[in-house]
Amino acid sequence: MELTFRILGPVRVCGDGRPLRLPPGRPTAMLVTLLLHAGVAVPVERLREELWAGPAPVSAVANLRSHASQLRRLLTAPGEPPRLHAQHGGYRLRVGPGELDAAEFERLAAEGLAARADGEPRVAAPLLERALALWSVTDPPPAYGPATAAAFDRLRERRAGVREAYAACRLDLGDRGSPELLALLRAHLTENPLREPAWALLMTAQCRAGDQAAALETYRAACRALAGELGIAPGPELTELYRAVRRRWQRPPPIAARPPSRDGERAAEARPVLVPHELPCAAAPFVGRHAELARLRTALTSAREHPVTVTVHGTAGVGKSALGLRAAVAALESFPDGQLHLDLGGSVAGTPLPPVEVAARVLRSFQGATGEPEPTGLAETRARVRSLLFGRRVLLVLDNAADPAQVDGLLPARGGCALLVTSRCPMPDGDVRPLRLDPLPTGVALALLRAVAGDRRVDDEPEAARAVVALCEGLPLALRTVARRLAEGPHWSMARLARLLRDERHRLAETGLGPRLTASYRRLGSAAQVFRRLGGTRTGPLTTETAAALTGLPPEDAVRALDRLVTAQLAEPAGPGRYRVGELVRLYAAELAAVEQPSGHTDEEASSR
């Protein structure tokens, strides 16, 4: 039986072209959840969270089994293999290419946006139009659970970007503000009144149609919407477009988000601008962090008239880079003038990039736009960067900063740029409160272990899986590293991995944290002596008196040294005069103590080796 699934609107399933009668309520909600994860086994626990808004009843697992049986009978014709399988402690729905409208929308949207980025609006426009046509005029029904609701929110956000890209392609191809284009943009702004690119597109289309008065009124409507909802004024692109209309400029400037066209429609006098897209693909599994991700995305997209700086800090291996990259990708459409990504070298032992090289690297990403000779000196390089970024909407992701000096002086005084910095130590002078990232809670850490090692490994040995999570202290890097043994070696069991990690001789090496802790240790200076002595302590809070006794330092010097450990994320406060040191950090300190330098060497010399 040939099936088609429609979820971009009221949920509909057709078999051989005929609508199938879906069971109402939770069976249909289960179908939608499985469709949003087509081809992947969705654990029973996740289905319980999605289908029951509050605490699930005792009969939830039996109810899920009954719902699955209903769906299996509905979707499978006699003599055919079933579409719905029980697998790895959950359920997996098999969906073929072209059968699910949401997947087809994503495919067409990706191809259309790629063609537009390549300057081919004639190729992009029909692809984007076909993607939009898959959406019903009626929105999908309310979702039961948070993950399903978040998935539909992402699809709607994607649709908004596709609408704007399609409208920009129409303008690239010479649309003179046709009634169809104006109607599309007005309807889009009714749903999304805070999207400045859409206001700019509508103003441009109205000017193309010769209705300058309407374009000016559209700008005033944009001002009211942005001020009423966000308390901000329009950004520089929209404001400049308004000024151009007031000057009765018959050909408004191209919208910043629109790439150069190969069809000769671009104004001859427009200067070509290099638009870098340097964000790497986030390939590793990523779970949890929903609140942190939403907070970072909101902070980044708040860049309008003035730039913003957002900082994330935390201990080695806690997942700062992964979170920062996900937040940058989530906010990508807010930065049409480019997205830069640069590793500043503060994560592992080595030499971090000097500030002048950081500024020069940012400058080289835009060098094609200037054709000017290389500047000399840090101040001149930073000044050139600020000139290039002035009035533009660029996202700079500076990962693994070792020192605030690496990221200083790059943002201009005006424009919608954003700077996202990740580091071990807190970075001062951010526009929003710095985000300190903590290890994953047990439940989320288990979900990450499941994502890397597979559902079966966790479901078959749940106690051993919890032991692995505890021994990795909820650190994503450690969990991903140890889980590779399970992924690469089918003869490994979860219990065997837990036994290996319980052996203190192997735990640190298995987690892969050693080189990253070395990067923090080498910046301790005189506090390195106190840190090395931590290897002789056992688990539990460390007091200033204990630190003084271990090192022979005066109590006030021991307190200052412990404070430096806190700044380096090698310890954390646990109350007045008390500090907590993680077991993995203590094992690293023990390794250092085992190879401690002879007494003739200073602590500074030891910490620099």
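Begin by selecting strand β5 (residues 84–87) and strand β6 (residues 90–93), which pair in the antiparallel sense over 4 bridges; strands are DSSP runs of E of at least two residues, helices are runs of H or I of at least four, and both are numbered from the N terminus. Two strands count as paired if DSSP finds at least two bridges between them. The model is predicted, with local features requiring pLDDT of at least 70 and side-chain atom pairs pLDDT 80 or more, while totals for chains, interfaces and linings use all residues. Residues are numbered from 1 along each chain as its sequence is written, and side-chain values use heavy atoms, leaving out hydrogens and water.

Within this hairpin, Leu84 stands opposite Leu93 of β6. Select His88 next: the hairpin has 2 residues between its strands, and His88 takes a positive phi near 50 degrees.

Move to helix α1 (residues 26–36) and helix α3 (residues 60–75), whose axes come within 9 Å and cross at roughly 75 degrees. Axes are lines fitted to C-alpha atoms, for helices over the stretch in contact, and angles run from 0 to 180 degrees between N-to-C directions. The crossing therefore makes α1 roughly perpendicular to α3, a term covering angles of 65 to 115 degrees. On α1, display Arg26, Pro27, Met30 and Leu31; on α3, the contact is made by Leu64, His67, Ala68, Gln70, Leu71 and Leu75. Contact means heavy atoms within 4.5 Å. By class, this contact has 7 nonpolar, 2 polar and 1 charged residues; Ala, Val, Leu, Ile, Met, Phe, Trp, Tyr, Cys and Pro count as nonpolar, Asp, Glu, Lys and Arg as charged, and the others, Gly among them, as polar.

A second helix pair is α21 (residues 514–521) with α25 (residues 583–594), packed at an angle of about 75 degrees with axes 11 Å apart. These helices are therefore roughly perpendicular to each other. Select Gly514, Leu517, Thr518 and Tyr521 of α21 together with Leu584, Val585, Tyr588 and Leu592 of α25 to show the contact. Its residues divide into 6 nonpolar, 2 polar and no charged.

Next, show the open sheet of 3 strands in the order β12-β14-β13, with antiparallel pairing. Its edge strands, β12 (542–543) and β13 (572–573), each pair on one side only. Strand β14 (residues 578–580) pairs with β13 over 2 bridges, and Arg580 in β14 is the bridge partner of Glu572. Helix α24 (residues 555–567) lies across β12, β13 and β14, running at about 35 degrees to β14.

Methods: Parallel < 35°, antiparallel > 145°, perpendicular 65-115°, else oblique.
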